[in-house]
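Subject: Handing over a structure

Hello,

I am passing a structure on to you, and you will find it just below. After that I have written up what turned up in it.

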Amino acid sequence: MKKLAKPFISIFITIVMLITVLPVSAFAVDNSTDYWNHSVPKRTLSVGCSNGDEVKWFQCAINYLVANGDSGHSTLDRKYRLNVDGIYGSASEAAAKAFQFKYGLTKDGIFGTNSLNKMKELLIAADPSHAYSLSSSSSSSSSSSSSSSSSTSSTSNTPTYQAVERNISDGVYYIRNKMTNKYLDVKGGSSYNNAEIVQYPFHGDANQQFKIQYENGFYKIYSMAGGNRCFDLWSPWQADTNGTDLKVYDTVNGCQQQNFRFRKMSDGSVEIGSVNSYGNKILEVTNSSYADCETIQIWDRSDSRTNDNWYLEPVDKHETSTPNQFNRARNKYPLGSINYGGYRYRIVTSDDVPSVGITQVDSIRKTKRDFSLAEAIANYSIQGGLNNPTASLGLQSLFAATNAVGSAISNVNVTVNLYKSTSSNLRYATITVYSSDLWQALQSGAGREVTSGNYKWYLNKKHGDNWSQFDGYINSDGDFCIAFRSFGDDYVKVKENGTWKTCSRFTYGNDNTHNSIFASERANDTYLNLFKQCIG
């Protein structure tokens, strides 16, 4: 075996001692990607001329593209990862050349104005959370003639897109999904940044209303729930990524993830695509779900699905292509609404139908004969006034007060009357409910005071003249309910400590502006089925 020379042994021992004594950090390589912690270059960077914090910014930016890639997830080769030492040497020059070649710049290894602008453009698109660190600084340096010109470079900080076709009229719309028949809704009625857009049954409030507006060559879609906030897809690259959820955010001029385009379909529906994907990724209901509050995301368009097609229904026209149905109450429609024959009708009480400027469109009545009234009233469920000491004054009390049960067999009907304004697009609907036994009892019993135990009732004689006794409406849960139609001098009194006291009335409707002397209640199945038959 050949012996090692003494000089070699001596050198080896010295190296071992150095490694033992020096800390590990003395040999550590800094491959940081945190460009935002350093100064954006304001001068040209080149070999032998540049050192310092601006070089560290360049080196971190290169490392970011190596580790994370651009907005299209295209990365620089790992061999160009740099040690962030602030020295623009041969390794930095080689990385600059690779960067310039990849993005169509002149390949000279000198990091000048065009190279800086391109780098900032890529970082803004790929890493929007740190865009603030780039927007306040700009390059004022001049580069060599070889690095200052490029036929494919851009001085813009964001990619540019061709203006989209203006094929949708500006206006405020409800946006309904073709597959689920549910509507886009800012979740919870929120007016704050990052609120989710979900699907939900129609109620018509401001968080289901969206203003579509063509601006600077693209469409923006604003929530009417408050604030100047619009649809947003989080970042430019996420606006071209399957599965990105839709939200609302403060509108920002030139923010491409807030820009959309529409494609009209043959059935009148539309696709709503992101500009960043050139309209190829479009809004859809996640997982084709029918669930309330399911999120909305973007995904590759498909002609085989319908969860990504939408109908735009102008708010002020009260038109809808949805099937005939009834909708729950909220602020805009306190008693709910009915979709019928391509129009949306606001439900009102019989007394709230305008007396002038109105014309009747239709009247639909459905009847059930030999109806068991006794069984029905036993199943009524009180809707309101549970905090009222007379909450038990429901329809059972009404029938008892008028002795209307009789033989317990009655004829009942539900009538839906539809009206439209002669001077606007407004439409109204009333729902009335009739019971033959109750009507006969009111004809003989109304107009006089009736005492039963600790209660007294007085019902105006007009009750005996009315064909129907109840107004129907939809509550905020989507249930069909009925309320006894009351006149101004109707009353119920209760005896407390030997004194008769007039009971307060029960309010109903989402705005609590309607009232009755008896608690409104969810309609029994017979009334509900007749109502459904009326609207088809």
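Below I go through charged pairs, aromatic rings, one tyrosine, a record annotation and the cysteines.

Please keep in mind that this is a predicted model.

**Salt bridges**

There are 20 salt bridges in the structure. Here are three of them, plus one network.

Arginine 166 pairs with aspartate 170, and their closest N and O atoms are 3.2 Å apart. Arginine 166 has a relative accessibility of 53%, so it counts as exposed. Its partner, aspartate 170, is partly exposed at 37%.

The next pair has another setting. Arginine 176 and glutamate 313 form a salt bridge with 2.9 Å between the closest N and O atoms. Arginine 176 sits in strand 1 (residues 171–177) and glutamate 313 in strand 12 (residues 310–314), so this salt bridge ties together parts that lie 137 residues apart in sequence. Arginine 176 is buried, with a relative accessible area of 1%, and glutamate 313 is buried as well, at 2%.

In the third pair, lysine 182 meets aspartate 292, with the closest N and O atoms 2.5 Å apart. Lysine 182 belongs to the loop between strand 1 and strand 2 (183–186), while aspartate 292 belongs to the loop between strand 10 (281–285) and strand 11 (296–300); the pair therefore ties together parts 110 residues apart in sequence. Here lysine 182 is buried, with a relative accessible area of 16%, whereas aspartate 292 is partly exposed, at 36%.

Salt bridges with shared partners also join Arg263, Glu271, Arg301 and Asp303 into one network.

**Aromatic rings**

The structure holds 25 aromatic pairs. One of them is made by tryptophan 57 and phenylalanine 111, a tilted pair with 6.5 Å from centre to centre and 50° between the planes. This pair links distant parts of the chain: tryptophan 57 is in helix 2 (residues 53–67), and phenylalanine 111, 54 residues apart from it, is in the loop between helix 3 (90–102) and helix 4 (113–126). Tryptophan 57 is buried, with a relative accessible area of 1%, and phenylalanine 111 counts as buried at 1% relative accessibility.

Phenylalanine 202 and tyrosine 333 form another tilted pair, with 5.9 Å between the centres and 50° between the planes. This pair, too, links distant parts of the chain, with the two residues 131 residues apart. Phenylalanine 202 lies in the loop between strand 3 (197–200) and strand 4 (210–215), and tyrosine 333 in the loop between strand 13 (325–327) and strand 14 (337–340). Both phenylalanine 202 and tyrosine 333 are buried.

You may like to display one aromatic cluster as a group: Tyr35, Trp36, Trp57, Phe58, Tyr64, Tyr88, Phe99, Tyr103 and Phe111.

Two lysines lie over ring faces. Lysine 107 is over the face of phenylalanine 101, at 5.4 Å from the ring centre, and lysine 247 is over the face of tryptophan 234, at 3.6 Å from the ring centre.

**Tyrosine 428**

Where does tyrosine 428 sit? Its place is in strand 19 (residues 427–435), and tyrosine 428 is buried, with a relative accessible area of 14%. Leaving out residues up to four places away in sequence, tyrosine 428 touches Tyr345, Arg346, Val348, Pro354, Ile358, Asn417, Leu418 and Tyr419. Tyrosine 428 and glutamine 360 are 68 residues apart in sequence, and their C-alpha atoms are 9.2 Å apart in space.

**An annotation from UniProt**

An unreviewed UniProt entry places the feature "domain: Peptidoglycan binding-like" at residues 81–119. In the model, the chain over residues 81–119 is 51% helix and 0% strand, and the C-alpha atoms at its ends are 16 Å apart.

**Cysteines**

How many disulfides does a search of the whole structure find? The search finds 0. Cysteine 230 is in no disulfide; the nearest cysteine sulfur to it belongs to cysteine 255 and is 7.6 Å away. Cysteine 230 counts as buried, at 0% relative accessibility. Cysteine 255 is likewise in no disulfide, and its nearest cysteine sulfur is that of cysteine 230. At 13% relative accessibility, cysteine 255 counts as buried.

Enjoy looking around!

Best wishes

Methods:
Residues are numbered from 1 along each chain as its sequence is written. This is a predicted model: local features need pLDDT of at least 70, side-chain atom pairs count only at pLDDT 80 or more; totals for chains, interfaces and linings use all residues. Side-chain values use heavy atoms; hydrogens and water are left out. A salt bridge is a side-chain nitrogen of Lys or Arg within 4 Å of a carboxyl oxygen of Asp or Glu. Buried means under 20% relative accessible area, exposed over 50%, partly exposed in between (1.4 Å probe, protein chains only). Helices (H or I, at least four residues) and strands (E, at least two) are DSSP runs, numbered from the N terminus. Rings of Phe, Tyr and Trp (its six-membered ring) pair if their centres lie within 6.5 Å; planes under 30 degrees apart count as stacked, over 60 as edge-to-face and the rest as tilted. A charge sits over a ring if NZ of Lys or CZ of Arg is within 6 Å of the ring centre and within 35 degrees of the ring normal. Contact means heavy atoms within 4.5 Å. UniProt positions are given in the numbering used here, feature names are shortened, and annotations may be inferred rather than shown by experiment. A disulfide is a pair of cysteine sulfur atoms within 2.5 Å.
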